[in-house]
Amino acid sequence: MKLLHAGDKSKAICYHCNALVHTTYQRRDIPFSDGVGIATDILAGVCDVCDRVVSTPAQSTLAIKASRDKAMVPVEAQLPAIYMDALDLACYRIDSSVNSDFRKRLLMYYVGKSSKSPAWSDRLVAALKNKVEFELPAESARKRLSIKVSKPMADEIAAVMAVTKLSKTDLMKSIVLQINEDIIKPKMPKNFEELRTLALIANC
Ligand SMILES: [Zn+2]
(Lines give C-alpha, C1' and ligand atoms only; values in the text may rest on other atoms or scores of the structure.)
Protein backbone atom coordinates (compact mmCIF):
# COMPACT_ATOMS: atom_id res chain seq x y z
CA MET A 1 0.00 0.00 0.00
CA LYS A 2 1.05 3.57 -0.46
CA LEU A 3 0.68 6.28 2.18
CA LEU A 4 -0.61 9.41 0.47
CA HIS A 5 0.37 13.00 1.18
CA ALA A 6 -1.45 16.24 0.45
CA GLY A 7 -0.42 17.26 -3.08
CA ASP A 8 -0.15 13.70 -4.45
CA LYS A 9 -1.84 13.15 -7.81
CA SER A 10 -4.26 10.46 -8.95
CA LYS A 11 -7.19 9.84 -11.28
CA ALA A 12 -10.82 9.18 -10.46
CA ILE A 13 -14.30 9.35 -11.93
CA CYS A 14 -15.90 12.74 -11.21
CA TYR A 15 -19.69 12.47 -11.33
CA HIS A 16 -20.02 16.24 -11.60
CA CYS A 17 -17.71 16.47 -14.62
CA ASN A 18 -19.01 13.07 -15.76
CA ALA A 19 -15.48 12.04 -16.78
CA LEU A 20 -12.27 10.37 -15.67
CA VAL A 21 -10.35 13.33 -14.25
CA HIS A 22 -6.99 14.11 -12.70
CA THR A 23 -7.22 14.56 -8.96
CA THR A 24 -5.03 16.07 -6.27
CA TYR A 25 -5.12 14.88 -2.65
CA GLN A 26 -6.03 17.71 -0.28
CA ARG A 27 -7.31 18.11 3.28
CA ARG A 28 -11.03 18.86 3.10
CA ASP A 29 -14.08 19.01 5.38
CA ILE A 30 -16.50 16.39 4.13
CA PRO A 31 -20.21 16.57 5.05
CA PHE A 32 -21.93 13.21 5.51
CA SER A 33 -24.36 12.27 2.76
CA ASP A 34 -27.38 12.55 5.10
CA GLY A 35 -26.36 16.05 6.15
CA VAL A 36 -25.75 14.96 9.75
CA GLY A 37 -22.36 16.27 10.74
CA ILE A 38 -19.07 16.74 8.99
CA ALA A 39 -15.66 15.03 8.97
CA THR A 40 -12.93 17.68 9.18
CA ASP A 41 -9.44 17.76 7.64
CA ILE A 42 -9.90 14.49 5.79
CA LEU A 43 -7.38 13.69 3.05
CA ALA A 44 -9.49 13.37 -0.09
CA GLY A 45 -9.05 13.20 -3.86
CA VAL A 46 -10.19 16.53 -5.30
CA CYS A 47 -11.15 16.93 -8.97
CA ASP A 48 -8.65 19.22 -10.72
CA VAL A 49 -11.42 20.53 -12.98
CA CYS A 50 -14.33 21.33 -10.65
CA ASP A 51 -12.62 21.29 -7.20
CA ARG A 52 -15.11 18.80 -5.73
CA VAL A 53 -14.18 15.84 -3.51
CA VAL A 54 -14.46 12.74 -5.69
CA SER A 55 -12.66 10.05 -3.67
CA THR A 56 -11.38 9.19 -0.21
CA PRO A 57 -8.30 6.97 0.19
CA ALA A 58 -8.06 3.99 2.56
CA GLN A 59 -6.07 5.98 5.12
CA SER A 60 -9.04 8.37 5.61
CA THR A 61 -11.63 5.67 6.27
CA LEU A 62 -11.21 5.36 10.05
CA ALA A 63 -11.14 9.13 10.55
CA ILE A 64 -14.42 9.44 8.63
CA LYS A 65 -16.00 6.64 10.70
CA ALA A 66 -14.78 8.22 13.95
CA SER A 67 -16.33 11.59 12.98
CA ARG A 68 -19.51 9.80 12.01
CA ASP A 69 -19.71 8.09 15.44
CA LYS A 70 -19.15 11.41 17.18
CA ALA A 71 -22.07 12.94 15.25
CA MET A 72 -24.35 10.21 16.59
CA VAL A 73 -26.29 10.60 19.83
CA PRO A 74 -26.42 7.65 22.26
CA VAL A 75 -29.88 6.56 23.44
CA GLU A 76 -29.81 4.21 26.41
CA ALA A 77 -32.39 2.63 28.69
CA GLN A 78 -32.37 -0.17 31.24
CA LEU A 79 -35.34 -2.40 30.53
CA PRO A 80 -36.66 -5.67 31.95
CA ALA A 81 -35.25 -8.38 29.66
CA ILE A 82 -38.72 -9.24 28.33
CA TYR A 83 -38.82 -5.91 26.43
CA MET A 84 -35.66 -6.71 24.50
CA ASP A 85 -36.98 -10.21 23.81
CA ALA A 86 -40.25 -8.74 22.49
CA LEU A 87 -38.37 -6.24 20.32
CA ASP A 88 -36.16 -8.99 18.92
CA LEU A 89 -39.14 -11.28 18.27
CA ALA A 90 -40.87 -8.49 16.35
CA CYS A 91 -37.71 -7.88 14.29
CA TYR A 92 -37.52 -11.59 13.58
CA ARG A 93 -41.16 -11.75 12.54
CA ILE A 94 -40.72 -8.90 10.08
CA ASP A 95 -37.67 -10.49 8.50
CA SER A 96 -35.77 -13.44 10.01
CA SER A 97 -32.57 -12.35 8.23
CA VAL A 98 -32.19 -8.91 9.87
CA ASN A 99 -29.39 -8.26 12.39
CA SER A 100 -29.49 -6.36 15.70
CA ASP A 101 -29.23 -3.05 13.81
CA PHE A 102 -32.88 -3.47 12.85
CA ARG A 103 -33.93 -2.93 16.50
CA LYS A 104 -33.03 0.72 16.07
CA ARG A 105 -34.81 1.03 12.75
CA LEU A 106 -38.01 -0.48 14.14
CA LEU A 107 -37.95 1.74 17.25
CA MET A 108 -37.25 4.81 15.12
CA TYR A 109 -40.08 3.86 12.75
CA TYR A 110 -42.47 4.25 15.71
CA VAL A 111 -40.75 7.44 16.89
CA GLY A 112 -41.00 8.93 13.38
CA LYS A 113 -44.70 8.05 13.04
CA SER A 114 -45.48 9.32 16.55
CA SER A 115 -43.69 12.63 16.03
CA LYS A 116 -45.95 13.36 13.06
CA SER A 117 -49.25 11.85 14.15
CA PRO A 118 -51.16 12.49 17.41
CA ALA A 119 -53.03 9.21 16.83
CA TRP A 120 -49.73 7.32 16.98
CA SER A 121 -48.42 9.18 20.05
CA ASP A 122 -51.78 8.71 21.84
CA ARG A 123 -51.50 4.98 21.18
CA LEU A 124 -48.06 4.93 22.83
CA VAL A 125 -49.41 6.57 25.98
CA ALA A 126 -52.30 4.08 26.04
CA ALA A 127 -49.96 1.12 25.42
CA LEU A 128 -47.96 1.94 28.54
CA LYS A 129 -51.01 0.93 30.60
CA ASN A 130 -50.18 -2.70 29.66
CA LYS A 131 -46.83 -2.32 31.41
CA VAL A 132 -47.69 -4.02 34.71
CA GLU A 133 -49.30 -7.02 33.06
CA PHE A 134 -46.43 -7.31 30.58
CA GLU A 135 -43.68 -7.19 33.19
CA LEU A 136 -45.36 -9.50 35.73
CA PRO A 137 -44.47 -12.86 34.22
CA ALA A 138 -40.92 -11.72 33.51
CA GLU A 139 -37.90 -12.58 35.57
CA SER A 140 -35.97 -9.80 37.29
CA ALA A 141 -33.20 -9.74 34.66
CA ARG A 142 -32.69 -6.38 32.99
CA LYS A 143 -31.06 -5.57 29.71
CA ARG A 144 -29.57 -2.38 28.41
CA LEU A 145 -31.06 -0.95 25.25
CA SER A 146 -28.17 0.96 23.71
CA ILE A 147 -28.42 2.53 20.29
CA LYS A 148 -26.87 5.49 18.50
CA VAL A 149 -29.04 7.76 16.42
CA SER A 150 -28.46 10.77 14.22
CA LYS A 151 -29.09 14.26 15.64
CA PRO A 152 -32.41 14.70 13.73
CA MET A 153 -33.60 11.36 15.12
CA ALA A 154 -32.57 12.37 18.65
CA ASP A 155 -34.61 15.56 18.15
CA GLU A 156 -37.63 13.46 17.10
CA ILE A 157 -37.28 11.32 20.25
CA ALA A 158 -37.22 14.50 22.36
CA ALA A 159 -40.29 15.81 20.52
CA VAL A 160 -42.26 12.61 21.18
CA MET A 161 -41.15 12.64 24.85
CA ALA A 162 -42.46 16.21 25.13
CA VAL A 163 -45.80 15.41 23.48
CA THR A 164 -46.41 12.19 25.44
CA LYS A 165 -44.81 13.49 28.67
CA LEU A 166 -43.03 10.14 28.97
CA SER A 167 -39.50 9.60 30.25
CA LYS A 168 -37.06 8.09 27.76
CA THR A 169 -37.33 4.68 29.47
CA ASP A 170 -41.14 4.77 29.48
CA LEU A 171 -41.18 5.91 25.85
CA MET A 172 -39.02 2.93 24.85
CA LYS A 173 -41.26 0.65 26.94
CA SER A 174 -44.42 2.06 25.37
CA ILE A 175 -43.05 1.53 21.87
CA VAL A 176 -42.22 -2.11 22.61
CA LEU A 177 -45.68 -2.59 24.17
CA GLN A 178 -47.24 -1.13 21.02
CA ILE A 179 -45.00 -3.32 18.87
CA ASN A 180 -46.31 -6.30 20.87
CA GLU A 181 -49.88 -5.28 19.95
CA ASP A 182 -49.09 -4.42 16.32
CA ILE A 183 -46.53 -6.98 15.23
CA ILE A 184 -46.27 -9.92 17.64
CA LYS A 185 -49.89 -10.59 18.65
CA PRO A 186 -51.87 -10.19 15.41
CA LYS A 187 -52.26 -13.00 12.85
CA MET A 188 -50.98 -10.49 10.30
CA PRO A 189 -48.66 -7.74 11.59
CA LYS A 190 -49.82 -4.16 11.07
CA ASN A 191 -48.05 -2.09 8.39
CA PHE A 192 -46.36 -5.33 7.37
CA GLU A 193 -45.51 -4.28 3.81
CA GLU A 194 -43.96 -1.00 4.94
CA LEU A 195 -41.90 -2.76 7.63
CA ARG A 196 -40.80 -5.46 5.23
CA THR A 197 -39.53 -2.73 2.92
CA LEU A 198 -37.71 -1.12 5.86
CA ALA A 199 -36.00 -4.47 6.54
CA LEU A 200 -35.05 -4.83 2.88
CA ILE A 201 -33.35 -1.43 2.92
CA ALA A 202 -31.61 -2.30 6.21
CA ASN A 203 -30.17 -5.46 4.69
CA CYS A 204 -28.54 -3.61 1.81
ZN1 LIG B 1 -15.03 17.41 -11.50
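In this predicted model, strands β1 (residues 9-14) and β2 (residues 19-31) run antiparallel and are stitched together by six bridges. One of the facing pairs puts I13 opposite L20 in β2. The link between β1 and β2 makes the pair a hairpin, with four residues in between. Within that turn, N18 is worth a look in a backbone dihedral plot, since its phi is positive, at about 55°.

On to the next pairing. Strand β3 (residues 38-47) also runs antiparallel to β2, and here eight bridges do the joining. P31 in β2 faces I38 in β3, while Y25 has G45 of β3 as its bridge partner.

Put together, the strands give an open sheet of four, laid out in the order β1-β2-β3-β4 with antiparallel pairing. The edges go to β1 and β4 (53-55); each has just a single partner strand, so one side of each is left with no neighbour in the sheet. Going from one strand to the next, the twist averages 60°. Helix α1 (residues 61-70) then packs on the sheet, where it touches β2 and β3. As for orientation, the direction of α1 makes about 145° with that of β3.

Strand β2 thus turns up throughout this description: it pairs with β1 through six bridges, pairs with β3 through eight, and is touched by helix α1. For anyone sorting out which way the residues point, side chains in a regular strand alternate between the two faces of the sheet.

Definitions and conventions
Residues numbered from 1 in each chain as written. Predicted model: local features only at pLDDT ≥ 70, side-chain atom pairs only at ≥ 80, totals over all residues. Pairing = 2+ DSSP bridges. Helix = DSSP H or I, 4+ residues; strand = E, 2+ residues; numbered from the N terminus. Axes fitted to C-alpha atoms, helices over the stretch in contact; angles between N-to-C directions. Contact = placed C-beta atoms within 7 Å.
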